[in-house]
Amino acid sequence: MRTPEEMIDLVLSIAKEDERIRAVTMGGSRANADCPVDVYQDFDIAFYVDDVTPFWDNVEWIKEKFGMPSLMHKPESMELIPPDNDGNYFYLMIFADGNRIDLNVTPEKYVDDGEPMLLLLDKDRTFPNIQIAEGFWYVKKPSAHIFADCCSEFHWCLNNVAKGIARDELSYAMEMMNHYVRDMLILMLEWYVGINYDFKVSLGKCGKYLKKYLPENIYKRFKATYSDADYGNMWKAAFDMLYLFGDVARIVATKLEFTYDESEEKGIESYMKQIKGDLLKYNI
């Protein structure tokens with residue numbers, strides 16, 4: 001596997017030899033000191049050009065300059081998932097040695113929004129002095145309204161999990177549980193961690209670093225909310241989610257001096273038990 005230094009050298013050699021490429025930046029995890037370092041980190045590279053047209057869906061150019069990837073994804077050329085049409089063209093590439101480059105060829109002028117970013121090349125010396133805002137990816141402290149919105153979304157969407165199970169709609173119930181409901185559970189857990197670390201901590205996409213920061217007993221309960229496709233296990237996971245969310249939300253509410261609406265929890269708990277009871281009663 002090529003080293004990070006070799007990959008950066010490759011990127012820079014391509015940019016330096018091509019007059020159309022005026023600057024290069026690297027963002028993502030490799031520009032963020034808060035992210036753990038490992039061999040799976042992507043190289044999030046941007047080539048700044050005046051005209052994207054010659055680079056648009058140009059696989060021959062990629063093949064010539066980078067070598068043919070073993071896997072390549074081109075979001076801007078898709079019809080199934082319509083692209084943003086913002087003028088950028090992305091090549092998402094995995095190479096045979098395991099390295100991954102997410103290459104954005106962009107005509108946009110760089111705007112320093114504080115996101116971690118490294119300037120690798122600036123031929124025209126027009127880039128501003130990039131100031132990385134401390135804590136750009138830190139967990140954000142919620143307002144009382146946002147806290148209440150999270151609780152409402154969590155409790156409401158649990159009803160769809162229960163109905164999906166009752167109707168034997170597995171994919172629907174799983175989607176409700178592992179997207180809409182889980183997103184709110186992870187958000188609440190992030191706020192819990194944020195409180196314990198004075199909101200100076202990054203937990204990554206989808207809370208992927210929660211294991212590192214949650215107390216062992218809470219993380220164990222969080223793991224228990226992941227179910228297989230057995231409806232009995234899904235019911236257990238759904239109630240585990242409900243009670244874990246409630247326990248953590250009460251702590252967050254107390255620490256931030258918010259109000260946790262107990263009636264929401266009681267309401268959805270009663271509804272879920274009613275549906276589960278009906279299934280058992282009528283042997284559905």
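Strand 2 (residues 43-49) runs parallel to strand 5, and the two pair over six bridges. That's a handy way into this predicted model, since strand 5 turns up again and again below.

**Around strand 5**

Within the pairing just described, Asp-44 has Asp-102 of strand 5 as its bridge partner. Strand 5 also pairs with strand 4 (residues 89-94), this time in the antiparallel sense, again over six bridges. Here Phe-90 is the residue that stands opposite Asn-104 of strand 5.

How buried is strand 5, then? Of its seven residues (100-106), six are buried, so the rest of the structure largely encloses this strand.

Strands 4 and 5 make a hairpin, with five residues between them. One of the turn residues, Gly-98, has a positive phi of about 100°. Ala-96 sits in the loop between strand 4 and strand 5 as well. Is Ala-96 buried or exposed? Its relative accessible area is 78%, and because the cut-off for exposed is over 50%, Ala-96 counts as exposed. If you want a distance to check in your viewer, take the C-alpha atoms of Ala-96 and Asp-44: they are 18 Å apart, with 52 residues of separation along the chain.

**The two biggest pockets**

If you're thinking about where a probe would fit, start with the largest pocket, which has a volume of about 720 Å³. It is lined by 28 residues, and those closest to its centre are Cys-35, Trp-137, Gly-204, Lys-205 and Lys-208. Which element gives the largest share of that lining? Helix 4 (residues 170-196) does, with three residues. By class, the lining of the largest pocket splits into eleven nonpolar, seven polar and ten charged residues.

The second largest pocket holds about 520 Å³ of space. Its lining has 21 residues, and closest to the centre are Ala-46, Phe-90, Asn-104, Glu-115 and Met-117. Two of those names are familiar: Phe-90 and Asn-104 are the residues that stand opposite each other in the pairing of strands 4 and 5. Strand 1 (21-27), strand 2 and strand 5 are the elements that give two or more residues to the lining of this pocket. The largest share, four residues, comes from strand 2. Its lining divides into seven nonpolar, six polar and eight charged residues.

**Some aspartates worth a look**

Two aspartates have a positive phi despite not being glycine. For Asp-57 the value is near 50°, and for Asp-168 it is near 60°. Asp-57 belongs to the loop between strand 2 and helix 2 (59-66), while Asp-168 belongs to the loop between helix 3 (144-166) and helix 4. A third aspartate, Asp-18, lies in the loop between helix 1 (4-17) and strand 1. Here is how accessible each of them is:

| Residue | Relative accessibility | Class |
|---|---|---|
| Asp-18 | 9% | buried |
| Asp-57 | 34% | partly exposed |
| Asp-168 | 56% | exposed |

What is Asp-18 in contact with? Setting aside neighbours within four places in sequence, Asp-18 has contacts with Phe-55, Trp-61 and Lys-123. Asp-18 counts as buried because its 9% relative accessibility is under the 20% cut-off.

**The whole chain**

Stepping back, the chain has eight helices and six strands. In order from the N terminus, the elements go α-β-β-α-β-β-β-β-α-α-α-α-α-α. How does the radius of gyration look for 284 residues? The chain has 24 Å, whereas a compact globule of that many residues would come in near 19 Å. Along the principal axes, the C-alpha atoms fill a box of roughly 70 × 40 × 35 Å.

Buried residues account for 43% of the 284 in the chain. As for contacts between residues at least 6 apart in sequence, 62% of them join residues at least 24 apart. The pairing of strand 2 with strand 5 and the enclosed setting of strand 5 are good places to begin when you open the model.

Terms used:
Residues are numbered from 1 along each chain as its sequence is written. This is a predicted model: local features need pLDDT of at least 70, side-chain atom pairs count only at pLDDT 80 or more; totals for chains, interfaces and linings use all residues. Side-chain values use heavy atoms; hydrogens and water are left out. Buried means under 20% relative accessible area, exposed over 50%, partly exposed in between (1.4 Å probe, protein chains only). Two strands pair if DSSP finds at least two bridges between them. On a 1 Å grid over the protein atoms alone, a cavity is a set of points where a 1.4 Å probe fits but cannot get out, and a pocket is an open set with protein on both sides within 12 Å along at least five of seven lines; lining residues have an atom within 4 Å of a point. Grid points are joined across faces, edges and corners, and a volume is the space filled by probe spheres set on the points. Ala, Val, Leu, Ile, Met, Phe, Trp, Tyr, Cys and Pro count as nonpolar, Asp, Glu, Lys and Arg as charged, and the others, Gly among them, as polar. The radius of gyration is taken over C-alpha atoms; the globule rule is 2.2 Å times the number of residues to the power 0.38. Contact means heavy atoms within 4.5 Å.
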